[in-house]
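Work through the exercises below with the coordinates open. Each one sets a task and then solves it in steps.

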Protein chains: 2
Amino acid sequence: MQLDERKVKILQAIIRNYLETGEPVGSRTISKYTDLNLSSATIRNEMADLEEMGYILQPHTSAGRIPSDKGYRLYVDAMMEEKEKELEELKEMMIEKEDKMDHLLKQVAKLLAVNTNYATMISAPVVHKNKLKFIQLSRVDTHQLLAVIVMEGNVIKNNILHVAEELNDETLLKLNILLNTNLNGMALEEINLGTISMMKQQAGVHSDIVSDVIDAIAEGIKAEEDLQIYTSGANNIFKYPELADNQKASEIINTFEEKQMLTELVQERLADEENTGIQVYIGNETPIQTMKDCSVVTATYELGEGMRGTIGIIGPKRMDYDKVVSTLKTITHQLDDLYKDRK
Amino acid sequence: MQLDERKVKILQAIIRNYLETGEPVGSRTISKYTDLNLSSATIRNEMADLEEMGYILQPHTSAGRIPSDKGYRLYVDAMMEEKEKELEELKEMMIEKEDKMDHLLKQVAKLLAVNTNYATMISAPVVHKNKLKFIQLSRVDTHQLLAVIVMEGNVIKNNILHVAEELNDETLLKLNILLNTNLNGMALEEINLGTISMMKQQAGVHSDIVSDVIDAIAEGIKAEEDLQIYTSGANNIFKYPELADNQKASEIINTFEEKQMLTELVQERLADEENTGIQVYIGNETPIQTMKDCSVVTATYELGEGMRGTIGIIGPKRMDYDKVVSTLKTITHQLDDLYKDRK
DNA sequence: TGTTAGCACTCCATTGGGTCGAGTGCTAAC
DNA sequence: GTTAGCACTCGACCCAATGGAGTGCTAACA
């Protein structure tokens with residue numbers, strides 16, 4: 001059987017209607033809803049076909065039809081294509097240009113959640129090419145050193161080191177020079193045992209401090225790797241009865257709270273360097289099992305120089321894909337602009 | 001009417017039973033439950049009295065009784081007194097001694113949530129006496145300076161400053177000396193316009209850099225003030241049917257997600273310098289309106305030198321107060337120990 | 001051949017009555 | 001002061017009946 005234009009129109013009508021109401025859609029509704037001027041009987045025949053083809057399904061014998069995952073997929077694909085064409089103006093948004101990245105991201109998540117009425121997440125940008133830019137040791141106390149490590153993109157790590165013997169200014173200066181001449185400009189992956197042992201040798205009696213600094217750098221990488229994720233609007237799921245029953249709600253809320261599980265979404269996106277577009281996971285397509293009753297829309301944003309993060313919107317399958325996709329586009333562009341402004 | 005010993009015993013029996021089952025408790029149950037050897041009829045009489053006195057109430061005419069907020073209050077007060085006396089051994093806990101404070105706090109929140117089956121929150125310690133310990137400007141790039149500000153308690157703030165003209169090493173050194181001699185050891189509140197203008201004058205052409213650093217310090221205070229709160233186990237509320245209906249669950253989850261509202265709990269506790277004990281809010285006693293159907297138990301922990309935070313456990317009114325109070329005591333002591341070890 | 005009206009049928013949601021049981025208050029007896 | 005007993009109340013649960021929304025199928029129509 002073939003999916004002719006009329007079938008597509010009917011399918012779209014079913015989906016749109018279901019998106020609005022959340023109730024199964026009957027043939028009579030469609031017969032009035034569309035401008036096709038077909039009787040409910042004809043619609044019924046077409047609907048039987050669509051069901052056979054797997055685009056819609058009946059929750060039970062004498063109910064209306066609801067879209068299947070496959071049906072949503074068709075709808076979304078068509079819509080995405082449309083969106084891709086229209087180059088939309090970026091709307092004004094109320095982002096206070098906070099200096100602190102995490103404040104900004106929290107705000108973005110919240111803004112999105114409030115605007116869309118869905119749950120949202122955003123991952124902090126991950127720096128891919130992590131080069132050391134600058135290292136500085138300073139004496140804070142007689143037995144405490146402060147190690148400041150600045151990486152490309154002005155990501156800064158601090159560490160307090162405890163030292164047994166007090167260091168004089170000259171030694172400190174020497175160590176600083178040693179560290180900077182050897183490490184500046186190096187990508188983190190390039191720092192190998194050879195470099196380290198050489199530096200230790202040069203540091204002489206203070207080799208343990210070099211070790212400490214290296215450790216601090218290593219820790220910096222680690223901290224960077226378990227990426228920050230901010231969420232908002234998890235309680236929006238209560239607005240959709242099909243997600244609000246205790247069992248499901250509990251699982252979803254938990255996923256949001258743990259955040260750990262959300263990284264799967266992010267990983268999946270960031271792994272693919274090329275893919276910077278918008279991705280839609282419907283129902284079981286999602287990589288996160290607990291969200292199999294939801295749909296997830298993700299977008300990748302970029303802050304120049306390989307710093308990329310992911311934004312996600314999580315809602316019921318009957319989410320307003322249209323609006324969500326537009327909103328995500330706008331937001332990712334905004335983030336882009338923000339970066340340029342700050343540069 | 002007076003609350004004699006027998007009434008108290010019956011009240012306790014009612015509460016204990018209700019805590020376990022979550023169902024209204026009938027007279028026959030109590031008659032078998034306690035070792036008072038009283039018939040259900042007698043219990044009924046006593047229960048009528050207790051109801052009149054406001055300690056228990058009937059959800060509807062022919063149901064058993066459930067404790068009122070006032071009833072819980074009596075129970076909790078009695079229990080607290082008991083607990084205060086027994087000096088309990090600190091149990092072994094699985095806290096990895098992470099260096100990063102926020103990891104630690106997240107872990108504590110989670111640990112608590114898993115152990116108690118309630119929702120938990122913990123606020124990052126707030127430093128009350130914020131003294132500057134050390135300031136350092138370093139050149140990162142031709143037009144970028146890194147300002148590192150270390151405060152008492154090794155709280156570190158970084159800021160990248162953008163400068164128009166390139167500074168030579170000597171100027172940088174001078175500025176560093178200027179900043180440190182004028183500001184070190186000062187409490188943040190003590191830095192006034194007088195100090196600032198004097199420093200600016202001394203800095204001459206570079207007075208704008210001094211301004212920037214002062215701004216950075218000011219921002220440091222601000223960031224410190226809107227305190228970090230970590231939460232865990234919000235989805236535990238679904239385990240208690242009386243909290244799991246959509247309306248209530250949504251509100252509670254929202255409160256947890258926003259976190260902002262939770263600060264009220266913290267503020268209330270931290271304002272009172274003396275009060276470092278455990279506080280129980282039952283139902284409407286809570287300062288957070290959305291939690292009027294819950295009980296909240298909070299404890300203050302101290303990491304020496306005026307760094308204090310708050311831990312809270314949020315559950316149904318029929319929470320196992322006994323266990324919660326013990327657990328909180330253990331945890332706060334543990335945090336104390338942790339600090340001593342690291343010192 | 002595609003479209004439509006009509007009809008029988010299915011199934012869910014809702015409603016209302018009936019029953020059951022847990023629990024109460026009251027009274028009278030111990 | 002305590003208890004047994006009894007009538008009463010009220011929510012929970014079950015069940016059957018009802019109604020409505022929606023379907024599939026068939027026959028007639030353009």
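Helices and strands here are DSSP runs, numbered from the N terminus; a helix needs at least four residues of H or I. A residue is near a strand of DNA if one of its heavy atoms lies within 4 Å of that strand. The model is predicted.

**Exercise 1. Find which element gives the most residues to the surface near DNA strand D.**

Step 1. List the surroundings. DNA strand D has 20 residues around it, and the closest are A:S27, A:R65, B:R6, B:T42 and B:S62. Of the strand D atoms within 4 Å of the protein, 76% belong to sugar and phosphate.

Step 2. Check polar contacts. B:R6 places a polar side-chain atom 2.7 Å from a phosphate oxygen of DNA strand D. The side chain of B:T42 has an N or O atom 2.7 Å from a phosphate oxygen of this strand. A base nitrogen of DNA strand D lies 3.1 Å from a polar side-chain atom of A:R44.

Step 3. Assign elements. Two or more residues come from α3 of chain A and from α3 of chain B. The top contributor is α3(B), with four residues.

Step 4. Sort by class. The surface near DNA strand D holds 12 polar, four charged and four nonpolar residues.

**Exercise 2. Repeat the analysis for DNA strand C: which element gives the most to the surface near it?**

Step 1. Among the 20 residues around DNA strand C, A:R6, A:T42, A:T61, A:S62 and B:S27 come nearest. Sugar and phosphate make up 74% of the strand C atoms within 4 Å of the protein.

Step 2. B:S27 has a polar side-chain atom 2.5 Å from a phosphate oxygen of DNA strand C. A:R44 has one 3.1 Å from a base oxygen. The side chain of B:R44 has an N or O atom 3.1 Å from a base nitrogen.

Step 3. α3(A) gives the most, with four residues.

**Exercise 3. Identify the relation between chains A and B.**

Step 1. Superpose chain B on chain A. This takes a rotation of 179° with 0.1 Å of shift along the axis, and the RMSD is 0.1 Å.

Step 2. Read the operation. It is the relation of a two-fold axis.

Step 3. Compare interfaces. The copies meet through the same surface, because 100% of the interface residues of chain B are also interface residues in chain A.

**Exercise 4. Test the length of helix α1 of chain A.**

Step 1. The helix covers residues 5-21, which is 17 residues.

Step 2. At 1.5 Å a residue, it should span 24 Å. The end C-alpha atoms are 24 Å apart, so the two agree.

Step 3. Look past the end. A:G22 follows α1(A), with a positive phi near 80°.

Definitions and conventions
Residues are numbered from 1 along each chain as its sequence is written. Chains are lettered from A and ligands numbered from 1 in the order in which they are written. This is a predicted model: local features need pLDDT of at least 70, side-chain atom pairs count only at pLDDT 80 or more; totals for chains, interfaces and linings use all residues. Side-chain values use heavy atoms; hydrogens and water are left out. The expected span of a helix is 1.5 Å times one less than its number of residues. A polar contact is a pair of N or O atoms within 3.5 Å; within protein, one must be able to donate a hydrogen and the other to accept it, and residues adjacent in sequence count only if both atoms are side-chain atoms. Copies are superposed by least squares on the C-alpha atoms of residues with pLDDT of at least 70 in both. Contact means heavy atoms within 4.5 Å. Ala, Val, Leu, Ile, Met, Phe, Trp, Tyr, Cys and Pro count as nonpolar, Asp, Glu, Lys and Arg as charged, and the others, Gly among them, as polar.
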